[in-house]
Amino acid sequence: MTRGGARTNDAIREAAAKLFYAHGYEATSLRTVASEVGIQVGSLYNHISGKEELLTDIMVSVMDELLEAVHAAIGSVDGTAVDRFKAAVDCHIRYHAEHAREVFIGNSELRSLSDGDLEEVLAKRAEYERLLQKLVKDVAKETGADILDAKLQTYSILAQGAHVSSWYKPGGPKSLDKVVNTYITMALRQLGVESAG
């Protein structure tokens, strides 16, 4: 693919994300996406097979980026299970704060995916959930913390990320570092590991 083609692909995806976020997937037409990019609607088909491909690409890319980022964060820590857990929660909260638009689309437009695409996105989400749940279990094993339910603890962390994406604004009264550190401490306290926070 030419460099111009790659730039056009990026522009198409950016325009789709902007429009899906502002108006919703169903209300966004390919004609509107093409207009936003500054190309003819017929030219879109040189880059995509249809509108759902754009939505699936946004959702899968978010999960791929998140998985890669958390694996990298964990891999950069040469320490305890608690240290790895803190690095993962840091990455999780930070990513959701910095990618609020894509997170919103991922959480609100699942119903718009057809079966095959939905399965792909749900498989990525399940992989991410398993990764976080393993970290929760590792903390329990290492510290002896009495975790009530590792799956529900994991859901709580997942929900915290989605919640941050709904209200955090760059340049707001709370710095991202402060927000992240507070959520790490809260997550540790939920696991009964207050002293590590």
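**Two domains and the contacts that join them**

In this predicted model, 16 residues of domain 1 are in contact with 15 residues of domain 2. The domain assignment places domain 1 at residues 1-48 and domain 2 at residues 51-191. Taken over C-alpha atoms, the centres of the two domains are 28 Å apart. Between them, domain 1 and domain 2 bury about 1,500 Å², and carbon and sulfur atoms account for 64% of that area. Arg13, Tyr21 and Tyr25 together provide 49% of the area that domain 1 buries against domain 2, more than any other three residues.

The polar side of this interface can be described as well. Five residue pairs are in polar contact across the interface of domain 1 and domain 2, with both residues at pLDDT 80 or more. On the side of domain 1 that touches domain 2, the elements giving two or more residues are α1 (3-23) and α2 (30-37). Helix α1 supplies the largest share of that side, with eight residues. Two salt bridges are found across the interface of domain 1 and domain 2. A salt bridge joins Arg101 to Glu14, with 2.8 Å between the closest N and O atoms. Glu14 and Arg101 also belong to a network of salt bridges that takes in Glu102.

Domain 1 also carries a record annotation. UniProt, in an unreviewed entry, places the feature "DNA-binding region" at residues 29-48. In the model, residues 29-48 are 60% helix and 0% strand, and the C-alpha atoms at the two ends of the span lie 14 Å apart.

Glu109 offers a closer look at one loop residue. It is found in the loop between α6 (100-108) and α7 (115-143). Although Glu109 sits in a loop, its relative accessibility is 5%, so it counts as buried, the limit being under 20%. Beyond its neighbours within four places in sequence, Glu109 is in contact with Gly24, Tyr25, Leu55 and Met59. With Tyr25 there is also a polar approach, as a polar atom of the Glu109 side chain lies 3.0 Å from the backbone nitrogen of Tyr25. Tyr25 is, in addition, one of the three residues named above for the area that domain 1 buries against domain 2. Gly75 gives a contrasting reference point: the C-alpha atoms of Glu109 and Gly75 are separated by 32 Å, with the two residues 34 positions apart along the chain.

A second buried position is Val62, which belongs to helix α4 (residues 51-75). The relative accessible area of Val62 is 8%, and the residue is therefore buried. Leaving out neighbours within four places in sequence, the contacts of Val62 are with Tyr95 and Glu102. Glu102 is a member of the salt-bridge network described above. The C-alpha atoms of Val62 and Ile105 are 10.0 Å apart, while 43 residues separate the two along the chain.

Turning to charged pairs, a search of the whole structure finds 10 salt bridges. Side chains of opposite charge can pair when their charged atoms come close. In one of these pairs, the side chains of Asp90 and Arg94 meet with an N to O distance of 3.0 Å. Asp90 and Arg94 are about one helical turn apart, because four residues separate them in helix α5 (residues 81-98). Asp90 is partly exposed, at a relative accessible area of 22%, and Arg94 is partly exposed too, at 21%.

Helix α7 contributes to two further pairs. The side chains of Lys134 and Asp138 form a salt bridge at 2.8 Å, N to O. Both Lys134 and Asp138 lie in helix α7, four residues apart, which is about one turn of the helix. Asp138 has a relative accessibility of 18% and counts as buried. The other pair is Glu129 and Lys151, whose side chains meet in a salt bridge of 3.1 Å, N to O. Glu129 lies in helix α7 and Lys151 in helix α8 (residues 150-167), so this pair ties together parts that are 22 residues apart in sequence. The two partners fall into separate accessibility classes: Glu129 counts as buried at 16%, whereas Lys151 is partly exposed with a relative accessible area of 38%.

Technical notes: Residues are numbered from 1 along each chain as its sequence is written. This is a predicted model: local features need pLDDT of at least 70, side-chain atom pairs count only at pLDDT 80 or more; totals for chains, interfaces and linings use all residues. Side-chain values use heavy atoms; hydrogens and water are left out. Buried means under 20% relative accessible area, exposed over 50%, partly exposed in between (1.4 Å probe, protein chains only). Contact means heavy atoms within 4.5 Å. A polar contact is a pair of N or O atoms within 3.5 Å; within protein, one must be able to donate a hydrogen and the other to accept it, and residues adjacent in sequence count only if both atoms are side-chain atoms. UniProt positions are given in the numbering used here, feature names are shortened, and annotations may be inferred rather than shown by experiment. Domain bounds come from an automatic or database domain assignment. Buried area is the accessible area (1.4 Å probe) that two parts lose on being put together, summed over both. A salt bridge is a side-chain nitrogen of Lys or Arg within 4 Å of a carboxyl oxygen of Asp or Glu.
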